[in-house]
Amino acid sequence: MSALSVRGLTKRFGDIIAVHDLCFDVEFGTLTGFLGPNGAGKTTTLRMLLGLVHPSGGSALVDGIPYRRLSQPAFTVGTVLEATGFHPRRTARDHLRVLARPNSIPVERVDAVLADVDLAGVAHRRVGGFSLGMRQRLGLAGALLGDPPILILDEPTNGLDPAGVHWLRLFLRRRVDAGGAVLVSSHLLAELALSADDVIIIANGRLISHCSRGALGPDLEAAYLELTSADGVAK
């Protein structure tokens, strides 16, 4: 069974078709890059996978079932869609405790994920004083609370310095090598060229390419620009 499965996924907003008949799978044991120009439909697709947007047609499955039917979502899939939604006066530890409580996740796990993302030293600092990179790490810590086998991350390197990007690459690779699945939406083609096993490219809401990273040749940026330009998308 695939970690994520999309079949005929379509979303209309009035007369606008944001996503059209999209089909792809994300397998366990792989890090998959999700690429496309601004307005391609990436965020809408991720939101449909996570039950935040209702599809106009087709299906989006997480571990074989729709997200809304997962009995304990936090233990199946972790998500970071944007580094916002933090109460500025809460400490990093308190923020995670608020997330953990409804899922009966023990406080020990809160401390463990803070250590995992290298925030243990600032656990008692208020989030309002965090940099964007620190908030990205805190968002990832929240996604990891249930130790889910699947991660869906939207621009997770935003705000990270080069050392942070390197750390994230190694961190995600360890999870994939342990059998997990990671779907990463990003505009950092150079980073995905180093980290991705598979690549999904969409434009104008349609699938342009879904293949192994190696199948696109040695220059991911050149392949991406050629594919999206051929689809009539401005560079």
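**Exercise: a glycine in a strand**

Task: Work out whether glycine 58 counts as buried or exposed, and find what it touches.

Solution: Start with the relative accessibility of glycine 58, which is 53%. The cut-off for exposed is over 50%, so glycine 58 counts as exposed. The model here is a predicted one, by the way. Next, place the residue: glycine 58 sits in strand S4, residues 57-62. Now look for contacts, skipping residues up to four places away in sequence: glycine 58 touches Arg7, Gly8 and Leu9. Finally, try a distance. The C-alpha atoms of glycine 58 and aspartate 21 are 7.3 Å apart, although 37 residues separate the two along the chain.

**Exercise: the whole chain**

Task: Check how the radius of gyration of the protein chain compares with that of a compact globule of 235 residues.

Solution: First get the expected value: a compact globule with 235 residues would come out near 18 Å. Then take the value for the protein chain, which is 18 Å, so the two agree. For the overall dimensions, the C-alpha atoms fill a box of roughly 50 × 40 × 35 Å along the principal axes. Seven helices and nine strands make up the secondary structure.

Now turn to burial and contacts. Buried residues account for 50% of the 235. Among contacts with a separation of 6 or more, 67% join residues 24 or more positions apart. As for the surface, the accessible area is about 10900 Å², with 51% of it belonging to carbon and sulfur atoms.

**Exercise: the sheet**

Task: Trace the order of the six strands in the open sheet, then say which strands stand at the edges.

Solution: Walk across the sheet and you get S5-S6-S7-S3-S8-S9, with mixed pairing. The two ends of that walk are strand S5 (77-80) and strand S9 (206-212); each has a single partner strand, so one side of each lacks a neighbour in the sheet. From one strand to the next, the twist averages 15°.

Zoom in on one pair. S6 and strand S7 (residues 181-185) run in the parallel sense and share five bridges. Leucine 151 stands opposite valine 182 in S7. As background, strands in a sheet pair through backbone hydrogen bonds, parallel or antiparallel.

Last, add the helix that lies across this part. H5 crosses strand S3 (30-35), S6 and S7, and its direction makes an angle of about 125° with S3.

**Exercise: a covered helix**

Task: Find how many residues of helix H1 (residues 42-49) are buried, and list them.

Solution: Apply the cut-off for buried, which is under 20% relative accessible area. Six of the eight residues in H1 pass, so by that cut-off the helix is mostly covered. The six are Lys42, Thr44, Thr45, Leu46, Met48 and Leu49. Then step past the end of the helix: glycine 51 follows H1, with a positive phi near 70°.

**Exercise: salt bridges**

Task: Count the salt bridges, then explain why the pair of arginine 93 and aspartate 111 ties together separate parts of the chain.

Solution: The test is a side-chain nitrogen of Lys or Arg within 4 Å of a carboxyl oxygen of Asp or Glu. That gives eight salt bridges. One of them joins the side chains of arginine 93 and aspartate 111, at 2.7 Å from N to O. Arginine 93 belongs to helix H2 (residues 92-100) and aspartate 111 to helix H3 (residues 107-116), so the pair links parts that are 18 residues apart in sequence. Check the burial too: arginine 93 is buried at 18% relative accessibility, while aspartate 111 is partly exposed at 33%.

Task: Do likewise for aspartate 118 with arginine 137, and for aspartate 147 with arginine 175.

Solution: Aspartate 118 and arginine 137 form a salt bridge at 3.7 Å, N to O. Aspartate 118 is in the loop between H3 and helix H4 (132-144), and arginine 137 is in H4, so the pair ties parts 19 residues apart in sequence. Arginine 137 is buried, at 15%.

Next comes the salt bridge between aspartate 147 and arginine 175, at 3.4 Å, N to O. Aspartate 147 lies in the loop between H4 and strand S6 (150-154), and arginine 175 in helix H5 (residues 162-177), so this pair ties parts 28 residues apart in sequence. Aspartate 147 is partly exposed at 47%, and arginine 175 is buried at 19%. To finish, extend the picture: Arg109, Asp147 and Arg175 are linked in a network of salt bridges.

Key: Residues numbered from 1 in each chain as written. Predicted model: local features only at pLDDT ≥ 70, side-chain atom pairs only at ≥ 80, totals over all residues. Heavy atoms only, no water. Helix = DSSP H or I, 4+ residues; strand = E, 2+ residues; numbered from the N terminus. Buried < 20%, exposed > 50% of the residue type's maximum accessible area, 1.4 Å probe, protein only. Pairing = 2+ DSSP bridges. Axes fitted to C-alpha atoms, helices over the stretch in contact; angles between N-to-C directions. Contact = heavy atoms within 4.5 Å. Rg over C-alpha atoms; globule rule 2.2 N^0.38 Å. Areas by Shrake-Rupley, 256 points an atom, 1.4 Å probe, with all protein chains shown as cover.
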